[in-house]
Amino acid sequence: MDQTVTDFARAVQDILFAGQRMDQRGWVPATAGNISRKLADGRIAITRSGCHKGFLQAADVITVDMQGKPHSPENRPSAETLLHCQIYRHFPQMGAVLHGHSVASTVLSMEEETAALTLADYEVLKVFEGQTTHATSVQVPLFENDQDIAQLADVVEPFFGTGMPAGYIIRGHGVYVWGKDMPTALARLEGLEFLLACALERRKLHV
Ligand SMILES: CSC[C@@H](O)[C@@H](O)C(=O)COP(=O)(O)O
Ligand SMILES: [Zn+2]
């Protein structure tokens, strides 16, 4: 079979699997969230706008270029496609991007008044790139939500220089994480969601 077709077919499988996994964990309520995977030829396979991520069909995955332009003009990619493209542009070694709307990321980001959530002293911090010990802290930047995604991307842009090992959170909205491939991105998301759930539980204990 043609290599390009095989790569796209694999990306579709990766995206459908990720959608089911994120739905099972309660991270993509209703039609929330979006999922992408970079193809070997540089195109990006991404979810269509408005689909339930737990019930994705192969036809719900389309391709866009690095600027977010769909290869078939009749296809409407995720409303947040620009945020995915921005991550791939900054980190050429990354192969998958996940966006979810968990309860923990939504609540914590609305409660935290500073510009970042600090996650410290957790063993699971080692799930993030470059972390080798629990005896550290990782900052997860918080950005104000904005329905103008190009404007939101402009605000996120300078933070790529800081690496953002755990991804970032849009306030009252959700998380963005990435990885070299889909299993790595899913593991990072699972790690981040575990840590956010711990942080939320601790805040409840301390009220
Ligand atoms: C359920 S509303 C969520 C959307 O506004 C958006 O934030 C989202 O994550 C999904 O948008 P989509 O265009 O389907 O990729
Ligand atoms: Zn969203």
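Reader: What makes strand 5 (residues 116–120) and strand 6 (residues 137–143) a pair?
Author: Two strands pair if DSSP finds at least two bridges between them; strand 5 and strand 6 are joined over 5 bridges in the antiparallel sense, and therefore they count as paired. One partnership across to strand 6 is that of T118 with Q139. Strands here are DSSP runs of E with at least two residues, helices are runs of H or I with at least four, and both are numbered from the N terminus.

Reader: On what basis is the model described, and how are its parts labelled?
Author: The model is predicted: local features need pLDDT of at least 70 and side-chain atom pairs count only at pLDDT 80 or more, while totals for chains, interfaces and linings use all residues. Residues are numbered from 1 along each chain as its sequence is written, and chains are lettered from A and ligands numbered from 1 in the order in which they are written.

Reader: In which sense do strand 6 and strand 7 (residues 168–170) pair, and over how many bridges?
Author: They pair in the parallel sense over 2 bridges, with F143 opposite I170 of strand 7.

Reader: Which elements make the β-α-β unit, and what is its handedness?
Author: Strand 6, helix 4 (residues 149–156) and strand 7 make a right-handed unit. A crossover has that hand if, with the strands pointing away from the viewer, the path from the first strand over the helix to the second runs clockwise.

Reader: Why is H99 called buried?
Author: A residue is buried if 20 or more other C-beta atoms, placed from the backbone, lie within 10 Å of its own, exposed if 12 or fewer, and partly exposed in between. H99 has 28 such atoms within 10 Å, and is therefore buried. H99 lies in strand 4 (residues 96–100).

Reader: Why does H101 receive the label buried or exposed?
Author: H101 has 20 other C-beta atoms within 10 Å, so H101 is buried. Its place is the loop between strand 4 and helix 3 (103–111). An unreviewed UniProt entry places the feature "binding site" at H99 and H101; such annotations may be inferred rather than shown by experiment.

Reader: Which residues surround ligand 1, and how do they divide?
Author: The residues around ligand 1, with C-beta atoms placed from the backbone within 6 Å of it, include N34, E80 and H99. The shell holds 3 nonpolar, 8 polar and 1 charged. Ala, Val, Leu, Ile, Met, Phe, Trp, Tyr, Cys and Pro count as nonpolar, Asp, Glu, Lys and Arg as charged, and the others, Gly among them, as polar.
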